[in-house]
Amino acid sequence: MKPVVFIGAGPGAADLITVRGAQRLAAAEVVLFDALTDPALRSLAPRARWIDVGKRGFCDSTGQVAINALLVRQAQSGRAVVRLKGGDPSVFGRLEEELQALAAAGLEAEIVPGVTAAIAAAAAAQRPLTRRGSGRSVSLTTAMTRSGELQASRTAATEVFYMAGRQLGALSRRLRHAGWPAATPALVVSRAGWPDQLASDHRVDSLAEAGVLHAGRPTVVTVGVGAEPIAASRQRDPAAAQRPARQEARLQP
Ligand code: SAH
């Protein structure tokens, strides 16, 4: 039996997949893919059978069980199976359930990492996620819990929230509750890595205003040090680089 290859497709345009990911995809006979992956990726495996498991019916928890079963069935057929996931498979991708299902069936897996949305957002807005001296830790957090309740935290210098795009007002209140000062920079980036990516600057207490601009698009919210803009003068002056930036610039790459 061939190992099932989990491939991170990256956050957007097909050219953000890794070279290894593209090579493994080219060798696939069956590809199980999610809604977020770029249709242009299909050209990397034109002869494979592409199965959309991001469609309705596969999205809820029963859907996950069906995906696991399909994955196992396809792998047991002896075909070269790829499981293509948006971003990185290990980040909010329900990878553990699929790995467990394969292990339970005695099947092997290989994982090819991808560019996760937090990293793509940092690149889109040119905001390094870590900063010397001031930004020494980054946390990736899903704003949504199993019960559908919104959650926020303050555990790192920079906190990146996934799956919060529809509830920015609620996220703002939860962040304040978690102890983030009202004026903390909050960067909102949607469709990071795509040609139409958008980024906008806010404060923790005014996050709700980003809702209209990013409506209906996959969005991450970066809060804290990693959301601060890099000003040209600050780059040249190491002493000034220690001071936090307080800029309200709006930016749309
Ligand atoms: N495995 C993926 C995350 C899947 S969860 C990864 O590593 O990126 C889906 C969430 O990811 C979305 O709700 C959104 O918060 C975020 N996301 C995915 N693609 C994105 C993109 N191109 N731009 C901004 N956020 C994105």
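Helices (H or I, at least four residues) and strands (E, at least two) are DSSP runs, numbered from the N terminus. Residues are numbered from 1 along each chain as its sequence is written. The model is predicted, so local features need pLDDT of at least 70 and side-chain atom pairs count only at pLDDT 80 or more, while totals for chains, interfaces and linings use all residues.

**Exercise 1.** Find which elements each supply at least two residues of the shell around the ligand, and which gives the most.

*Solution.* Start with the residues that come nearest among the 24 around the ligand, namely Pro 11, Gly 87, Thr 116, Ala 117 and Ala 192; a residue is near a molecule if its C-beta atom, placed from the backbone, lies within 6 Å of it. Next, turn to the elements: α4 (117-125), β8 (185-190) and β10 (219-224) each supply at least two residues of the shell, and α4 gives the most, with three residues. Finally, domain 1 (4-112) and domain 2 (117-242), whose bounds come from an automatic or database domain assignment, each contribute at least three residues to the shell.

**Exercise 2.** Work out the order of the strands in the open sheet, and say which stand at the edges.

*Solution.* The five strands run in the order β6-β7-β10-β8-β9, with mixed pairing, where two strands pair if DSSP finds at least two bridges between them. Because β6 (138-142) and β9 (198-203) each have a single partner strand, they stand at the edges, and one side of each is left without a neighbour in the sheet. As a last step, look at β8 and β9, which pair in the antiparallel sense over six bridges, and note that Pro 185 stands opposite Arg 203 in β9.
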